[in-house]
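Student: I should like a close look at a single part of this structure. Please describe one strand and its pairing partners in a connected account.

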Amino acid sequence: MNRITNTIKVKVVLTGVLLFHLFTLSPTHAQPSWVKKATKSVFTLKTFAADGSLIASSNGFFTGSNGEAVSSFSPFKGASKAIIIDAQGKETAVVSILGANDIYDVARFRVDNNKSQPLPICTTTMSEGSMVWLLPYHETKQVLSGPVRKAELFMDNYAYYTVALTSPQHTESCPLLNDEGEVVGLIQPSANAMDSLSYAISAVFADSLRMTGFSMNDPIFQQTQIKKELPDDLKEANIAIYLASSRNDSLAYAELIDDMISKFPSAPDGYTYKAQLAANNGDFALADRNMAEAIRVASPKDESHFNLARLIYNKEVYQPGVPFEAWSLDKALSEVREAITINPQATYQQLEANILFAQKQYEGAYDIFMQLTNTPLRNAELFYGASRCKALMRDTTAMLSLLDSCVNTFSKPYLKDAAPYLWARAEAKRDAGKYRDALSDMNEYEKLMSANINDSFYYIRHQTDIQARLYQQALNDIKQAIQINPQETLYYAEKASLEVRVGLLDDAEATSKECIAVDPNNSDGYLFLGLAQCMKGNKQQGLDNLRKAKEMGDPQADGLIEKYK
C-alpha cells in the first residue's frame with residue numbers, strides 16, 4: 001500500500017514539474033502590450049581584441065536616450081573595441097565605459113547613438129510571487145514569464161532576484177521586466193541550462209554605476225582598453241585628468257582633454273589643460289589660443305589670467321631661446337596683475353614676485369616675498385625667494401638669516417620637504433666660510449635623502465670636510481664617492497692627494513695605482529704615485545712617474561721634479 005501511495009506522489013510531483021516547465025518555457029497566451037516596443041531597446045554586444053579577433057558576445061539594453069546602456073562586464077575584459085547589433089541588425093560602436101562592477105559582473109557604457117530608446121527602470125523592489133517577464137534579444141514575438149521566488153537586498157538598496165524561470169541559452173544580460181514593462185533586472189548566466197531557477201541583478205544598480213575621479217586608477221578599468229568616460233561632475237573630472245596625466249599614455253591623455261572640452265564647454269579647465277599640453281610640446285601659439293578661450297569662458301576670470309601668466313613665465317624662464325613674440329615676462333606680469341586686480345590671492349602675488357625676480361627687479365620681488373610671509377601662505381619657498389633676492393643684492397648677512405628662517409619653517413625631525421632648503425643653506429654657509437655649520441646641514445640632508453644620494457654629494461662634502469680640517473671624514477666621504485662611481489679618476493686623485501697631505505703614503509701609492517688602472521691616460525695617477533714614492537724615499541721610481549705625468553701634460557709635474565731630482 002505504501003509503495004502505491006509513494007508512486008502516486010512521485011507522479012504528482014513529476015506532473016507538477018512538467019506543468020511548471022510548460023508554463024515557463026512556452027509562450028504565454030497573453031503577450032504584454034509593451035513587447036513590440038521593448039524589443040527595439042535590446043541588443044547583442046560583441047567585443048574584440050586589438051587584432052580584431054572576437055573576445056565574447058552578450059546582450060544588453062538601453063537605459064538612456066543618449067546611447068547609455070547596460071550589460072555584463074566580462075566581455076569587456078581585454079577588449080579594444082566593442083559593438084552592439086540592434087533588433088534591426090544595425091551595428092553601432094561602443095564609445096566609452098560609464099561605470100562597472102566586477103563583483104556583480106555589470107557594466108554601464110555609451111553607444112554612438114543619440115536617439116536610443118531606453119527601457120524604463122523599476123525603482124521599487126519586486127515582492128515575492130510577483131510575475132516578471134524575460135525579453136530575449138533573439139525573440140521578437142514572445143517573452144517568457146515566471147514568479148519572483150526571492151528578492152535579496154545587497155548594498156542596502158538593491159535587489160538580487162531569484163525567479164522561477166528557466167532561461168534559454170544566450171540570454172545573459174537580457175532584461176527582466178514587470179507587468180508594466182519596467183526593467184527589474186539583468187539576467188545572470190545560468191550554471192545549468194536546465195536549471196528551473198534564474199537569477200537577476202538589479203537594473204537600478206546597473207544604471208547607477210558612474211565613473212568617479214579615482215576610477216582611472218581602479219584596477220577594474222585597467223582590464224579593458226575601451227575608453228573610459230569622464231565623470232559628470234567637473235571636480236571629479238579634474239581629479240580624473242590629474243590621475244591620467246601621471247600615466248605613460250600621452251595619446252589617451254590628449255583624448256581625455258578633448259573629452260573634457262566637449263563635456264564641459266563652458267568651463268575653462270579643459271582649455272587650460274590643452275594649453276599646458278601644447279606648451280609642453282613647444283606649440284606656444286596653440287597654447288596662447290587655448291588660454292584665450294579659457295579666459296573667454298571663465299567666470300570669474302582671475303584663475304585663467306593666472307594660468308596664462310604661469311605658462312608664459314615657465315616658457316620665458318626655462319625655454320628662453322624658443323622664439324614666440326606674443327609672450328614675454330612683461331606679458332606674464334601684466335596677466336598676473338590682472339588676476340590680482342580681480343582677486344588678490346597670495347598665490348598670484350607669489351607668481352608676481354617670481355616674475356619680478358626673473359626680470360632682475362630684486363627689490364620689488366623681495367618686498368612681495370616678505371609681505372607674503374605675514375599671510376597664511378607663509379612657507380619655506382617665500383623665505384628662500386627672499387634670500388635669493390638678498391644674495392643677488394650682495395647682502396650675505398641678510399641672505400643667511402633668511403635661509404635660517406626658511407629652514408625654521410620645518411620642525412625636527414625633518415621630513416623630505418626640508419631637504420632642498422637644507423642643501424641651499426649648506427651651500428650658502430660653505431661659500432661664507434662657515435664650513436662646520438655647512439656640514440651639519442649636509443649631514444641632515446644625507447639622512448633625509450639617503451636613498452637618492454649620489455657620488456657628487458660625497459665629493460662636495462669631502463671638499464667641505466677638508467676646509468673644516470676634518471680629514472678622516474674627508475677620506476670616508478671620498479671613499480664613498482669612489483664606491484658609488486669607481487670609474488671617476490678625479491675621486492682617486494682627490495683621495496691620493498689627501499692621503500699624501502696627511503702622511504698616509506702607502507695608501508696614497510695604492511690609490512694612485514688604482515687611478516692608473518682605471519685610466520692609464522690620466523696624468524693624475526702618475527703624478528700622485530711619483531709624489532708618494534719620492535716622499536717615501538723611492539726617488540728614482542718617483543721621478544720616473546713624475547716625468548711620465550709631465551709628458552702627459554700635467555702642469556704640476558715640473559715643480560715636483562725640480563724639488564726631488
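Tutor: The account below follows strand 1 and its two pairings, then turns to the nonpolar cores. This is a predicted model, in which local features need pLDDT of at least 70, side-chain atom pairs count only at pLDDT 80 or more, and totals for chains, interfaces and linings use all residues. Residues are numbered from 1 along each chain as its sequence is written, and side-chain values use heavy atoms, with hydrogens and water left out.

Strand 1 covers residues 42-48; strands here are DSSP runs of E of at least two residues, numbered from the N terminus. Because six of its seven residues are buried, strand 1 is largely enclosed by the rest of the structure (buried means under 20% relative accessible area, with a 1.4 Å probe and protein chains only). Strand 1 pairs with strand 2, residues 54-62, in the antiparallel sense over seven bridges; two strands pair if DSSP finds at least two bridges between them. Within this pairing, Phe43 has Gly60 of strand 2 as its bridge partner. Five residues lie between the strands of this hairpin, where Gly52 takes a positive phi near 90 degrees. Strand 1 also pairs in the antiparallel sense with strand 4, residues 81-86, over six bridges, and there Leu45 has Ile84 as its bridge partner.

As for the cores, the largest nonpolar one has 67 residues, and Val336 and Ile355 have the most contacts inside it (a core is a set of buried Ala, Val, Leu, Ile, Met, Phe, Trp, Tyr and Cys residues joined through side-chain atoms within 4.5 Å). Apart from that core lies another, of 21 residues, among them Phe61, Trp133, Leu177 and Ala203.

Notes
Buried < 20%, exposed > 50% of the residue type's maximum accessible area, 1.4 Å probe, protein only. Helix = DSSP H or I, 4+ residues; strand = E, 2+ residues; numbered from the N terminus.
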